[in-house]
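Open the model in your viewer and keep a selection prompt ready. The tour goes stop by stop, with a selection to make at each one.

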Amino acid sequence: MPGKKRRWAEVEKEKGGFAELKPALEAVRAAVGDIDEFVQVMTKKAGHLMQLDKQGLGDCLDEACPGHSVTDEQVDTIVYQAKKAKKGKVTEAAPLAEVIWLVRHHGVEKTAESRLAARSGLQKRSAGSDAFEKFYKAQKVVPEGEWDDFMESFKTPLPMTLRFTTTRPYSYIIQEEARKLINDPSTQLKDIPWAGEGEIAAVTCSHSAFHDKTSQTMPEWCKEQNVLGTGFFQEAASLLPPLLLNLSHEHIMLDMCSAPGSKLLQCVDIMAAKAAQAGELITGGIMSNEIDKKKAVQIIPARLKRAHTHNVVVTASDARLFPKLYDRPTGETPTKRLYFDRILADVPCSGDGTGRKDQNIWETWSTHYCLSLHVKQLQILMKGLDSLADGGRLVYSTCSLNPLEDEAVVMAALRTMKDQVRLLPVKLDGFKFQAGVTTWGVPDEEGNLHEKTDLPNDKMGEKGWAKSMFPVADELQGEAVKCGRVLPHHNDTSGFFLAVFERFHVPEEEIPTAPRKARAEAGEGDGEKPKNKGNTGLGGMRNARMYYHLVSELDAAWQQTSAWFGLGEKPEEKLRGQTLLVQLSEHDKACKKGIFLTTPGTERLLHSLLPVSQTNNVAVTTVGARILTLLKGNYLKDIACKYRPAFEGASFLSTMATDARKILLPPEVIMPLLKEKFLPMSEELTKYLPSELYKGPCLVGIAPLPEGHSQWSKVWLTCILLPTKLELTVEDHEREGLLSLMKRVFK
C-alpha cells in the first residue's frame with residue numbers, strides 16, 4: 001500500500017488492532033536491550049511497510065515499550081513484522097526478535113533449538129559462519145585449544161553494561177544505589193573493576209537477568225540512569241579505547257570517527273573527573289569528528305547536550321581528508337601547527353567482532369569486505385598520526401577480529417612513520433588481551449590465503465589487494481605482539497582490537513604565510529579547493545566562521561543578559577578562565593540565537609577551524625554547551641531579557657548570576673514543579689520569591705537540604721516566572737528522571 005496513509009481506526013477494526021499487537025510489542029521489549037538499535041536494523045531489512053496512523057501507533061508503542069524513542073517508520077516495521085509472524089508460520093511463543101528472523105529467512109515453523117541457532121547466526125548450514133570459521137582458524141588469532149569456547153561465546157547474548165558518570169551533583173546517590181543492587185544477589189549485577197578507579201565506573205549483568213520479567217527493579221533502575229544522564233548503556237569492550245588514552249583535563253583531543261558517541265562521552269567524563277580531582281575546571285578541549293552528516297548534526301550534539309558538557313566542538317568531515325590545523329590566537333595569522341595530545345581512531349570496520357549483538361553479520365560475512373576497508377582505515381590512521389603531538393598518544397581500535405583491518409593497518413603505519421612513532425603494549429589491570437599476531441594471510445577470490453605476493457600493483461588492485469595488507473618479515477614485525485585483541489570468551493564481551501601509538505618526534509614544518517583566501521582558492525594549506533564559493537561540501541551546513549564569535553562587552557546579547565542576571569560588564573570577570581561564544585542566526589546575522597560556554601582548549605580548536613570551515617573538507621556543527629537561549633517569537637515580548645537559561649548550562653550560570661534571579665525552594669515544593677511542569681502563583685510560592693525578583697527568566701535551586709545531601713545545592717532548574725505561575729523549561733526526559741531520583745532521596 002505504498003503512498004496510502006491508513007488510519008489506525010481502520011486497521012484496528014480490520015485486524016483487531018492494539019489487542020492483537022500488544023503481546024508482540026511487549027515481546028520486543030523483553031527480547032532486546034536496545035530497542036532503538038533493533039528497530040533500526042529491522043527498518044533496513046523490511047520490505048513494504050504498512051503506512052498507519054502515527055498517533056495511534058505512537059500510543060500503542062508508548063504503552064508497550066515505555067522509555068524508548070522510536071520513529072514512525074520503525075513503528076510501522078515492527079507492526080508489519082509482528083502481523084506477519086502471527087499468520088501461522090510460528091506457533092509457539094518466542095521473543096519477537098527470533099520470530100522475525102525466522103519469518104524473514106525461512107517462513108516456516110522452527111523448534112526452540114533452531115531459533116537459538118538462528119539468533120546467534122551460527123547454523124551449521126550458514127555459508128557466512130562456515131567461511132568465518134575457515135578464515136579465522138587459518139589466521140590463528142585464537143589460541144590453540146580455545147576454538148570451541150571462542151565459537152560457543154558467539155551463541156550467547158551480550159551482557160548488559162552500564163557506564164556511570166561521576167561528575168553530576170547527585171552521582172553520589174547513584175553510587176550508593178548501585179552498591180545496594182550489587183550487594184543484592186537476586187539482581188545478579190556486578191561491578192566492572194577494570195573500568196575505572198575509585199568509584200563504581202560500570203556495572204554488568206547477563207542478558208537474561210536484565211530481561212527477567214519477574215524482577216524489574218534493577219533493569220528499570222538502569223534505564224532511568226540512561227535517561228537521566230547519570231549512566232549510559234555501552235558495550236564493555238568499547239570502554240577500553242578511552243581508558244588506554246590516559247586523558248588529562250588539560251589535553252587537546254581529536255576523536256576522528258565519533259558516532260555513535262559512547263566513547264566520546266566517556267572521554268568527556270574522564271576529563272571532567274580529572275579536573276574535579278585536581279580541584280580545577282577543564283581547560284582542554286575535544287574535537288569530535290564524524291563523516292555522517294545526520295550523526296554530526298543531530299545525534300552527537302543531542303548526546304552531548306544530555307551530558308551537559310562544554311568542552312567539545314563537533315565537526316563533519318571525512319577523517320581521511322581532515323585538514324592541517326594551525327593556532328591562530330590573534331585571528332587571521334597562523335603562528336604554529338596545532339597538534340593533538342590525544343587522538344582516538346575508532347575506525348569504520350567490518351564489525352565481525354559484534355556477532356553476539358548483531359546476528360545479521362553471519363548472513364553477509366565474507367572474506368572480501370575487509371579488503372575494501374583496509375586502505376580507508378590506513379588513511380585515517382596515517383592522518384591521525386600526522387596530527388599527533390610530540391609525546392602524544394593515539395589509540396587505534398576496531399570491533400573486527402580481522403588481521404587485515406587490525407595488525408596489517410597498524411604495521412603499515414608503523415613502517416611509514418617508524419622514525420616518529422612507536423607502539424606501546426596494550427594492557428589494563430584486570431582485563432585479558434590476546435597478543436597481536438605477526439603473520440596473516442590475504443584472501444583471494446576463492447578464499448585462499450596468501451602471506452606474500454609478487455604481483456605488480458596494478459594486478460594486486462584487480463584482486464582488491466594492496467601491498468600494505470601483507471606481512472613483512474623485518475625487524476619491526478615483532479612489534480605487532482604489542483597490539484591487543486579482545487576475544488569474546490576471555491572477558492565475556494564482544495570482539496575488539498586495539499593498538500596504542502606514541503609519538504616521539506615531530507619534524508619541523510613551515511607555517512603557511514599566504515593569505516587564507518588565496519590558499520583556499522588554490523586548494524592549498526588549510527583545506528582543499530571548494531567546489532562552490534561558500535559551500536561546505538557537506539550539504540551546505542553552517543560553519544564556525546559565519547555563525548559563532550566570541551562574546552564581548554559590546555554584544556547586544558551580552559549587554560541584555562548581563563544586565564538581567566547581574567553578570568557584570570565584562571564577560572571574563574566571572575568566567576573563571578572559561579569562554580563564552582555567541583551563536584548567530586542562520587538567516588539574520590544580527591540575531592543572536594544563544595550564548596554558549598566553552599573551555600580555553602575548545603576556543604583554541606574553534607579558532608583553528610575558522611579558515612577550513614569554509615572549504616569542502618570540514619563543517620562545524622556545534623560548539624560547547626548552551627547556557628542562554630533566545631526566546632522564540634513574541635513570547636514574553638514585554639520582558640527586558642529575551643534570553644532564558646538552558647538547563648545544560650544552569651549550574652555554571654548559577655555561579656555567575658545575582659541572587660535576584662534565583663529562587664530557592666524546598667524539596668517538597670520542587671517535586672510538584674517537576675511533576676506538573678509549573679506551579680500556580682500562590683501565597684505559599686510567593687514567600688519563597690526574592691522581593692526584587694521581576695517577572696522573566698530565572699534559576700530555581702533546592703534549599704534547605706537535609707544533612708548529607710549538600711551536593712544538591714549544585715542542581716539548578718531553569719524556569720520563567722510569570723504573573724500567574726512559575727513555569728519549568730527543563731526537557732521531559734530530564735525532568736522525569738530528576739523527579740524519580742528526588743522521590744527516593746527526599747522521602
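Two strands count as paired if DSSP finds at least two bridges between them. Helices (H or I, at least four residues) and strands (E, at least two) are DSSP runs, numbered from the N terminus. This is a predicted model: local features need pLDDT of at least 70, side-chain atom pairs count only at pLDDT 80 or more, and totals for chains, interfaces and linings use all residues. Residues are numbered from 1 along each chain as its sequence is written, and side-chain values use heavy atoms, with hydrogens and water left out.

**Stop 1: a five-stranded sheet**

Select β24 (662-665) and β25 (678-680). They are the edge strands, each pairing on one side only. The sheet they belong to is open, with mixed pairing and the order β24-β26-β27-β28-β25. From one strand to the next, the twist averages 30°. Axes here are lines fitted to C-alpha atoms, for helices over the stretch in contact, and angles run from 0 to 180 degrees between N-to-C directions.

Add β26 (residues 696-702). It runs parallel to β24, and four bridges join the two. Pick Ile663: its bridge partner in β26 is Val700.

Now show helix α26 (residues 667-676). Which strands does α26 touch? It packs on the sheet and touches β24, β25, β26, β27 (716-721) and β28 (725-728). Contact means heavy atoms within 4.5 Å. The direction of α26 makes about 115° with that of β25.

**Stop 2: a four-stranded sheet**

Strands of a sheet pair through backbone hydrogen bonds, either parallel or antiparallel. Select β2 (190-191) and β4 (231-233). They stand at the edges of an open sheet with antiparallel pairing and the order β2-β3-β1-β4. Each has a single partner strand, so one side of each is left without a neighbour in the sheet. Three bridges join β1 and β4 in the antiparallel sense. Zoom to Leu162, whose bridge partner in β4 is Phe233.

**Stop 3: aromatic rings**

Rings of Phe, Tyr and Trp (its six-membered ring) pair if their centres lie within 6.5 Å; planes under 30 degrees apart count as stacked, over 60 as edge-to-face and the rest as tilted. By this rule there are 16 aromatic pairs. Select Phe132 and Phe154, an edge-to-face pair at 5.7 Å centre to centre, with 85° between the planes. Phe132 lies in helix α8 (residues 127-139) and Phe154 in the loop between α9 (147-153) and β1 (160-164), so the pair ties together parts that are 22 residues apart in sequence. Are the two buried or exposed? Both Phe132 and Phe154 are buried. Buried means under 20% relative accessible area, exposed over 50%, and partly exposed in between (1.4 Å probe, protein chains only).

Extend the selection to Phe135, Tyr136, Trp147, Phe150 and Trp365. Ring pairs link these with Phe132 and Phe154 into a cluster.

**Stop 4: charges over rings**

A charge sits over a ring if NZ of Lys or CZ of Arg is within 6 Å of the ring centre and within 35 degrees of the ring normal. Go to Arg661: it lies over the face of Trp564, at 4.0 Å from the ring centre. Then go to Lys725, which lies over the face of Phe678 at 5.7 Å from the ring centre.

**Stop 5: nonpolar cores**

A nonpolar core is a set of buried Ala, Val, Leu, Ile, Met, Phe, Trp, Tyr and Cys residues joined through side-chain atoms within 4.5 Å. The largest has 73 residues. Select Phe150, Met287, Phe340, Leu385, Leu394, Tyr396 and Phe501, which touch the most other members. Helix α18 (residues 407-416) supplies the largest share of this core, seven residues. Centre on Leu394: leaving aside neighbours within four places in sequence, its contacts include Ile343, Leu381, Val500 and Phe501. A second, separate core has 47 residues, among them Val203, Leu228, Phe647 and Phe746.

**Stop 6: an enclosed helix**

Show helix α24 (residues 600-609). Seven of its 10 residues are buried, so the helix is largely enclosed by the rest of the structure. Among them are Leu605, Leu606 and His607.

**Stop 7: backbone exceptions**

Most residues other than glycine have a negative phi, and most peptide bonds are trans. Check Ala259 to Pro260: this bond is cis, with omega near 5°. The bond from Ala703 to Pro704 is also cis, with omega near 0°. Pro704 is in the loop between β26 and β27.

Finish on Asn246, which has a positive phi of about 55°. At 43% relative accessibility, Asn246 counts as partly exposed.
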